[in-house]
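User: Hi! I have a chain open on my screen and would like to talk it through with you. Can we start with how its strands pair up?

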Amino acid sequence: PERFRHTRCEYDDTGLRSRTVRQYDHRVIGEEQVTVPAGTFDTIVVERIDLLDRDTKRYWYAAGVGKVREQEILGGGVVGDVEDLASYTPGSGSCP
């Protein structure tokens, strides 16, 4: 599977950088058709692991749409919070 890593610096409410620097490992874990309130989409599934606290999330991305689902994975593979795309209108947005 494809893998990549990114680093993020966190900032406090004043815009000043805190001491926290987080690193995440990402890997593509497959393709899946997923149904959310906004419709049914063919997606790629990406798993993200926070290297600081080992939190795991999965993201479902659809071409031309973006993220359609985000899911927290708790210890033992138990599913935590899930966020689904509520609505989508093709061609409703624009990119510069």
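User: Which residue in strand 4 is the bridge partner of Val-46?
Analyst: That would be Tyr-59. Please keep in mind that this is a predicted model.

User: Sure. How many bridges join strand 3 to strand 4, and do they run parallel or antiparallel?
Analyst: Seven bridges join them, and the two strands run antiparallel. Strand 3 covers residues 39-50, and strand 4 covers residues 56-62.

User: What do strand 3 and strand 4 form, and how many residues are between them?
Analyst: They form a hairpin, with five residues between the two strands. Have a look at Arg-54 in the turn, whose phi is positive, at about 70 degrees.

User: Zooming out, how many helices and strands does the chain have?
Analyst: There are zero helices and six strands, so read along the sequence you get β-β-β-β-β-β.

User: Nice. Which residues make up the largest nonpolar core?
Analyst: Eight residues: Val-34, Val-36, Ala-38, Phe-41, Val-45, Trp-60, Ala-62 and Val-68. Strand 2 (17-36), strand 3 and strand 4 each supply at least two residues of this core. As background, nonpolar side chains in soluble globular proteins tend to be buried together.

User: What is Phe-41 in contact with, leaving aside its neighbours within four places in sequence?
Analyst: Its contacts include three members of that core, namely Val-34, Val-36 and Ala-62. Val-68, also in the core, is another contact of Phe-41. Beyond those, Phe-41 touches Glu-32, Gln-33, Val-65, Leu-85 and Tyr-88.

User: Now Gln-71. Is that one buried or exposed?
Analyst: Gln-71 counts as buried because its relative accessibility is 12%, and the cut-off for buried is under 20%. You'll find Gln-71 in strand 5, which spans residues 66-73.

User: Which residues is Gln-71 in contact with, again leaving aside neighbours within four places in sequence?
Analyst: On one side of the sequence there are Thr-56, Lys-57, Arg-58 and Trp-60. Val-79, Asp-81 and Val-82 are in contact with Gln-71 too. Of these, Trp-60 also belongs to the largest nonpolar core.

User: I'm curious about Cys-9 as well. Where is its place, and why does it count as partly exposed?
Analyst: Cys-9 is in strand 1, residues 3-11. It counts as partly exposed because its relative accessibility is 30%, which falls between the 20% and 50% cut-offs.

User: And what separates the C-alpha atoms of Cys-9 and Gln-23?
Analyst: Those C-alpha atoms are 8.9 Å apart, with the two residues 14 apart along the chain.

User: Last one: what percentage of the chain's residues are buried?
Analyst: Buried residues make up 23% of the 96. The chain exposes about 6800 Å², with carbon and sulfur atoms supplying 48% of that area.

Conventions:
Residues numbered from 1 in each chain as written. Predicted model: local features only at pLDDT ≥ 70, side-chain atom pairs only at ≥ 80, totals over all residues. Heavy atoms only, no water. Helix = DSSP H or I, 4+ residues; strand = E, 2+ residues; numbered from the N terminus. Buried < 20%, exposed > 50% of the residue type's maximum accessible area, 1.4 Å probe, protein only. Areas by Shrake-Rupley, 256 points an atom, 1.4 Å probe, with all protein chains shown as cover. Contact = heavy atoms within 4.5 Å. Pairing = 2+ DSSP bridges. Core = buried A, V, L, I, M, F, W, Y, C linked by side-chain atoms within 4.5 Å.
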